[in-house]
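Trainee: Could you take one part of this model under close inspection for me, and then follow the connections outward from residue to residue? I would like the local geometry and the surroundings to be treated together.

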Amino acid sequence: MSMAASRIYLDHAATTPLDPAVRDAIATTLEELPGNPSSLYAEGRAARDALDAARAQVADVLLADPGEIVFTSGGSEGAALAIRGTAFAAAREGRRHLVTTAVEHHAVLHTVQLLAQRHGFEATVVPVDSEGLVDPGVVVNAVRPNTSLVSVMYANNEMGAVQPIAEIASALRDHPALVHTDAVQAPGSLPIDIPTLGVDLLSIAAHKFYGPKGVGVLFVRRGARLSPQIVGGSQERNRRAGTENVAFAVGLGTALERAEADRPTSVAHNVRLRDQLIEGIVAIPGSRLNGPRRERLPNNVNVCFTGVDSESLLIGLDAAGIAASSGSACTSASLEPSHVLLAMGIKADLAAGSLRLTTGRRNTEAEIERTLEVLHALVPRSRRATTRSTET
């Protein structure tokens, strides 16, 4: 079922529409390459060639070696493999301490918490400032002699803060701890080459840069010790067992190559729309921009409105034909404010009125203007409704 063309899609941080060129590459692979890439006969060799070509595409963008690229099922698995894989490998040497930040995606935070609660690891969660930025000095000072991994996201999925990953990685270059970054929001928006970032592990997911859902990549620097989390066959150089999803790997390689090639144009386009949104929204009384103004993803706008709950905003926007999201768990019976906003020191009642708008390739200035018109009418109306329900 296709959505009506008149709708305005402003939730690209959650997922992006599939690029037609990527769709065609996937379809061609599915149709023409039915073989198992581990098989030695012609059909298997053809599938292996396609998989190797996709791996080389990814490596070219990351300026890495193809042997350092591991295909995964997405960002969550990539983060889990990086964190659990490093933790269990290093535990054999007695290094059982992890460092991360308070604003990580739950794929990172919950994995770290699980290691601490069930497997006896220690974890230090570094705080952030009021704009959601981490102090690299605080991260480095949290590292101990027995630290095995430092995991700091490159760009926050909720409020768009871009963290000083290269500075952190550089400061820890001579420490045995590996540095992982959740770079899921970065492709097409920020430089993601390994020489610039200096990290040992980097995870991405295709559906964040106009590729298919259900496939991702974990970069693993050569020499980094990693305990596999899915065991069985020897696929992905014994780092992730299971028959590879060749078609989606091809789709990811195509999407990543195109995202990097289009990055300068895409960034300029999104910055223009982002700034148009910010300027229009902060003119609404009782609004607050969350996250930094400068060190920010080019397509991310995250705001809070006093006296308004996210659920009413999202329902109102959806009714007006606009897809957006929130930092709150707004689909549950009890609204839980975003852990990211709370970590920034935003009070729970204000965080409960958060709204995230993230732009993409197909959005236009006219769509942004329409969105602002809807918000300028919707926010006061939602505020009055919230006030009445509180009074009763």
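Mentor: At 55% relative accessibility, leucine 63 counts as exposed because the cut-off for that class is over 50%. Bear in mind that this is a predicted model, and that the values below are computed from it. Leucine 63 sits in the loop between helix H2 (42-62) and strand E2 (69-72), and its phi is near 55°, a positive value in a residue other than glycine. Glutamate 236 also has a positive phi, of about 50°, although it is not a glycine; this residue, however, belongs to helix H8 (residues 235-238) and is buried, its relative accessibility being 5%.

From the backbone we can turn to the aromatic rings, of which the structure holds one pair. Phenylalanine 88 and phenylalanine 121 make up this pair in an edge-to-face arrangement, with 5.7 Å centre to centre and 75° between the planes. Since phenylalanine 88 lies in helix H3 (residues 75-91) and phenylalanine 121 in the loop between helix H4 (106-119) and strand E4 (122-126), the pair ties together parts that are 33 residues apart in sequence. The two partners fall into separate accessibility classes: phenylalanine 88 is partly exposed at 22%, whereas phenylalanine 121 is buried with a relative accessible area of 4%. Phenylalanine 121 has a further neighbour in arginine 96, which lies over the face of its ring at 4.1 Å from the ring centre. Elsewhere, arginine 361 takes up a position over the face of tyrosine 210, at 3.8 Å from the ring centre.

Phenylalanine 88 leads on to the packing of its own helix. H3 and H4 pack at an angle of about 35°, and their axes are 9 Å apart; the crossing in which H3 passes H4 is right-handed. On the H3 side the contact is made by Ser76, Ala79, Ala80, Ile83, Arg84, Ala87 and Phe88, and on the H4 side by Ala107, Val108, Thr111, Val112, Leu114, Leu115 and His119. Sorted by class, this contact has 10 nonpolar, three polar and one charged residues. Phe88 therefore belongs both to the aromatic pair that ties H3 to the loop after H4 and to the contact of H3 with H4.

Two neighbouring positions in helix H14 (residues 365-391) deserve attention as well, namely threonine 371 and leucine 372. Threonine 371 is buried, with a relative accessible area of 0%, and, leaving aside residues up to four places away in sequence, touches Ile8, Leu10, Leu277, Ile322 and Leu357. Leucine 372, buried at 6% relative accessibility, touches Gln276, Leu277, Gly280 and Ile281 when residues up to four places away in sequence are not counted. Leu277 thus appears among the contacts of both threonine 371 and leucine 372. The C-alpha atoms of leucine 372 and glutamine 276, although 96 residues apart along the chain, are separated by 9.1 Å.

A second link between distant stretches of sequence involves alanine 27, which is found in helix H1 (residues 20-32) and is partly exposed with a relative accessible area of 41%. From alanine 27 to phenylalanine 248 the separation is 221 residues in sequence, while their C-alpha atoms are 9.5 Å apart in space.

Notes:
Residues are numbered from 1 along each chain as its sequence is written. This is a predicted model: local features need pLDDT of at least 70, side-chain atom pairs count only at pLDDT 80 or more; totals for chains, interfaces and linings use all residues. Side-chain values use heavy atoms; hydrogens and water are left out. Rings of Phe, Tyr and Trp (its six-membered ring) pair if their centres lie within 6.5 Å; planes under 30 degrees apart count as stacked, over 60 as edge-to-face and the rest as tilted. Helices (H or I, at least four residues) and strands (E, at least two) are DSSP runs, numbered from the N terminus. Buried means under 20% relative accessible area, exposed over 50%, partly exposed in between (1.4 Å probe, protein chains only). A charge sits over a ring if NZ of Lys or CZ of Arg is within 6 Å of the ring centre and within 35 degrees of the ring normal. Axes are lines fitted to C-alpha atoms, for helices over the stretch in contact, and angles run from 0 to 180 degrees between N-to-C directions. A crossing is left-handed if the near helix is turned anticlockwise from the far one by less than a right angle, and right-handed if clockwise. Contact means heavy atoms within 4.5 Å. Ala, Val, Leu, Ile, Met, Phe, Trp, Tyr, Cys and Pro count as nonpolar, Asp, Glu, Lys and Arg as charged, and the others, Gly among them, as polar.
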